[in-house]
Amino acid sequence: MDSPRTADPISALREGDAEQTDAALQVLSTVFGYDSFRGEQAEIIEQVAGGGDAVVLMPTGGGKSLCYQIPALLRSGTGVVVSPLIALMSDQVAALEAVGIRAAYLNSTLERHEAQAVEQQLLAGEIDLLYMAPERLVLPRTIDLLQRARLSLVAIDEAHCVSQWGHDFRPDYMGLSVLADAFPGVPRIALTATATEATHRELTERLRMEDAKHFVSSFDRPNIQYRIEPKASPREQLLKLITAEHEGESGIVYCLSRKSVETTAAWLSERGIPALPYHAGLDARVRQDHQERFLRAEGLIIVATIAFGMGIDKPDVRFVAHLDLPKSIEGYYQETGRAGRDGQPSTAWMAYGLGDMVSQRKFIDSGEGDETFKRNARSHLDAMLALCETVSCRRVQLLRYFGQDSEACGNCDICLSPPQTWDATVPAQKLLSALIRLDRERGQKFGSGQIIEVLLGRENDRSRQSRHEELSVWGIGAELSEKEWRSVMRQLMARGIVDAEGDYGVLVPGSHAGPVLRSEVTVELAVDRSPAKATRSRSSRSGGGGGSRAAEGLEIAERERFEALRTWRTEVAKEKQIPPYMVFSDATLVAIVQSRPESTGALAGISGVGAKKLAEYGDAVLEALGV
Ligand code: ADP
Ligand code: ZN
């Protein structure tokens, strides 16, 4: 943590009288090794470096970190970074130290004397960036300490955690409203990848950022392919996704329950796919260990509940799979956004079915929370269902949810193979009639299974007991198969024509049933696509031969050199106990191979090679390349 400042380009810049934007560009290239800013980075940095506040909404992978790291380096004093996850702080600090920035963290994992040392360094002005969790920051003792130090800025990462409307609410974030008064004159920057207007408004208010400048980026992640398919045998479907498209690559699989996390991870492992479980019920040490292995290894899959992922900035996660329906689009977008931070092609895949929908509704109805809370939860779920059942571009829907207009994307399952639709008005009426007759004439309500038996006219103990065959609706739905009925029910439920109710999730006519029963509207439904129709085959994207997707564009001889560099990188990473991508990213390795450097000087201009890494690894890279 107390790495000495190397050849200090930063303070030279700070003391020089260069224009601020020039200075920012110089830090970008000398320290981080990149040659231009992305999106609104330059404007955000200018705002904060000039002492103003900023609220930044940028998608995952958009490059939020530089927006506070560079101003913190340009201004004198220490930048305090509020981050919710203690477990990731040491990695965040290691990544900064790897490029020569003086970074540290204060949290409960430090021994007393270690924390004291950090405090001393802080007061002596020897730290550029200091990470801490909100609960620590708001302690009077910490506020007092920070008031005695010189602060360059306060960055509030994952700022949506302050929003109760959002999906990641953390009560500790509420305390951050004190920052405005405790550190007047210190610029604040709040950052999040959650972009609904409601969250935006709420975080601005709660963090008291009324005077801030707002920067809202496009939320599109064009390199991610969104796909949602009907759930048949979800694990088999997942296995197919992995073997057909993502063999040997890193991915995250989200499940709703701890139990399904465990069983799915075990199931994949038995089939030779390396997978580790992660959920809040695991021992903290096991969790930390699995997280670290995921970050460090290449080609490992983590099967997790939503407890996993915030702050994970592994750039080469190639797919995110959902085996259960997320509770909201915000959550879904955050989770899927963990794929492809490096900008390379990636997949966001989900299997979803009628059962998901019923159980989520049930969960909300029987769960805790007042009526407002439940109403919010239901509207979150409805938006998610609408995304699942859409017959037009998924990306357009997603972005519209975040208030952004776009055109059909050409890179989602709907665009790639538009679903066929059919007129399901009559089946919808039959289903509604069956619900109504059973209720009126027998006083009965059932879940989907028994309703389908009635529609198909299939006898079982329950139907015999209740003399269902005497009802006028008995067997009126024989023209569809059981599977088709499930598809119809799912889609009708997503549109509010059918609803699930009570502890057992029994089906009842929904709020939009009336016009359907009265034939005032027609009901167009999609034909479920069979999961077998993969929309993208491995061969169309890969040059074959496995290995990293980053190397796809390389010639054979270049690939050998790329592999040599990867082997070297693995060794260095192991020795330094940091993830390989912190040494150099795949993209940087490819750029090195392609530029055929003959000297360390030639390495300097390559994206991702900053001054410190050049000094540290330059010779070794040339050696690994056999120069
Ligand atoms: P976010 O926090 O928004 O999810 P990060 O700050 O982790 O995104 O950045 C994502 C990736 O993009 C990182 O690997 C980062 O180094 C890289 N990156 C950010 N800004 C630039 C830039 N201007 N040029 C090149 N790479 C960049
Ligand atoms: Zn699309």
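Which residues in α20 are buried? This tour answers that at its second stop; the model on screen is predicted.

**Stop 1: the zinc ion**

Select the zinc ion, ligand 2, and show the side chains around it. Its protein donors are Cys-393, Cys-409, Cys-412 and Cys-415, each through the SG atom, at 2.3 to 2.4 Å from the ion. Look at the angles that these donor atoms make at the ion. The four donor atoms subtend angles of 102 to 119°, so the arrangement is tetrahedral. For four tetrahedral donors the ideal angle at a metal is 109.5 degrees.

Now follow the donors along the sequence, where their spacing is C-x15-C-x2-C-x2-C. Cys-393 sits in the loop between α17 (371–388) and α18 (394–401), while Cys-415 belongs to helix α19 (residues 413–416); this pair, 22 residues apart, links distant parts of the chain. Colour by accessibility if your viewer allows it. Cys-393 has a relative accessible area of 6% and is buried, whereas Cys-415, at 25%, counts as partly exposed.

**Stop 2: helix α20**

Select residues 425–442, which form helix α20. The buried residues here are Thr-425, Pro-427, Ala-428, Gln-429, Lys-430, Leu-431, Leu-432, Ala-434, Leu-435, Ile-436 and Leu-438. Next, show the elements that cover them: these include the strands β14 (421–423), β15 (498–501) and β16 (506–509), and the helices α21 (448–456), α23 (482–494) and α24 (513–517).

Then check the length of the helix. With 18 residues at 1.5 Å a residue, α20 should span 26 Å, and its end C-alpha atoms are 25 Å apart, which agrees. Move just past the end of α20 to Gly-443, where phi is positive, at about 65°.

**Stop 3: helix α17**

Go back along the chain to α17, the helix that comes before the loop with Cys-393. α17 has 18 residues, and the distance from its first C-alpha to its last is 25 Å, close to the 26 Å expected at 1.5 Å a residue.

Which residues of α17 are buried? They are Lys-374, Ala-377, His-380, Leu-381, Ala-383, Met-384, Leu-385, Leu-387 and Cys-388. An α-helix has 3.6 residues a turn, so residues three or four places apart point the same way. Among the elements that cover the buried residues of α17 are β8 (224–230), β13, α15, α16 (354–366), α18 and α23.

**Stop 4: where α15 meets α18**

Select helix α15 (residues 329–336) together with α18. Their axes come within 11 Å and cross at roughly 115°. The crossing of these two helices is left-handed. Show the side chains that make the contact: from α15 they are Ile-329, Glu-330, Tyr-332 and Tyr-333, and from α18 they are Leu-398, Leu-399 and Tyr-401.

**Stop 5: Gln-344**

Continue from α15 into the loop that leads to β13 (346–352), where Gln-344 lies. Is Gln-344 buried or partly exposed? Its relative accessible area is 26%, so Gln-344 is partly exposed. Leaving aside neighbours within four places in sequence, Gln-344 is in contact with Asn-223 and Arg-318.

**Stop 6: two arginines**

Select Arg-208, in the loop between α11 (197–206) and β7 (213–216). Its phi is near 55°, a positive value in a residue other than glycine. Arg-208 is partly exposed, at 33% relative accessibility.

Then select Arg-467, in the loop between α22 (461–465) and α23. Phi of Arg-467 is near 50°, again positive in a residue other than glycine. The relative accessible area of Arg-467 is 40%, so Arg-467 counts as partly exposed.

**Stop 7: two buried loop residues**

Select Asp-128, in the loop between α6 (112–123) and β4 (129–132). Asp-128 is buried, at 1% relative accessibility. Add Thr-78 to the selection: the two residues are 50 apart along the chain, yet their C-alpha atoms are separated by 4.7 Å.

Last, select Val-186, in the loop between α10 (179–182) and β6 (188–192). Val-186 counts as buried at 14% relative accessibility. Beyond its neighbours within four places in sequence, Val-186 is in contact with Asp-53, Leu-151, Ser-152, Leu-153 and Val-154. Of these, Val-154 is 32 residues from Val-186 in sequence and 7.0 Å away in space, C-alpha to C-alpha.

Methods
Residues are numbered from 1 along each chain as its sequence is written. Chains are lettered from A and ligands numbered from 1 in the order in which they are written. This is a predicted model: local features need pLDDT of at least 70, side-chain atom pairs count only at pLDDT 80 or more; totals for chains, interfaces and linings use all residues. Side-chain values use heavy atoms; hydrogens and water are left out. Donors are N, O and S atoms within 2.8 Å of the metal (3.2 Å for Na, K and Ca); water is not among the atoms, so sites may look incomplete. Four donors count as tetrahedral if all angles lie between 85 and 135 degrees; four count as square planar and six as octahedral if opposite donors are over 155 degrees apart and all others between 65 and 115; anything else is irregular. Helices (H or I, at least four residues) and strands (E, at least two) are DSSP runs, numbered from the N terminus. Buried means under 20% relative accessible area, exposed over 50%, partly exposed in between (1.4 Å probe, protein chains only). The expected span of a helix is 1.5 Å times one less than its number of residues. Contact means heavy atoms within 4.5 Å. Axes are lines fitted to C-alpha atoms, for helices over the stretch in contact, and angles run from 0 to 180 degrees between N-to-C directions. A crossing is left-handed if the near helix is turned anticlockwise from the far one by less than a right angle, and right-handed if clockwise.
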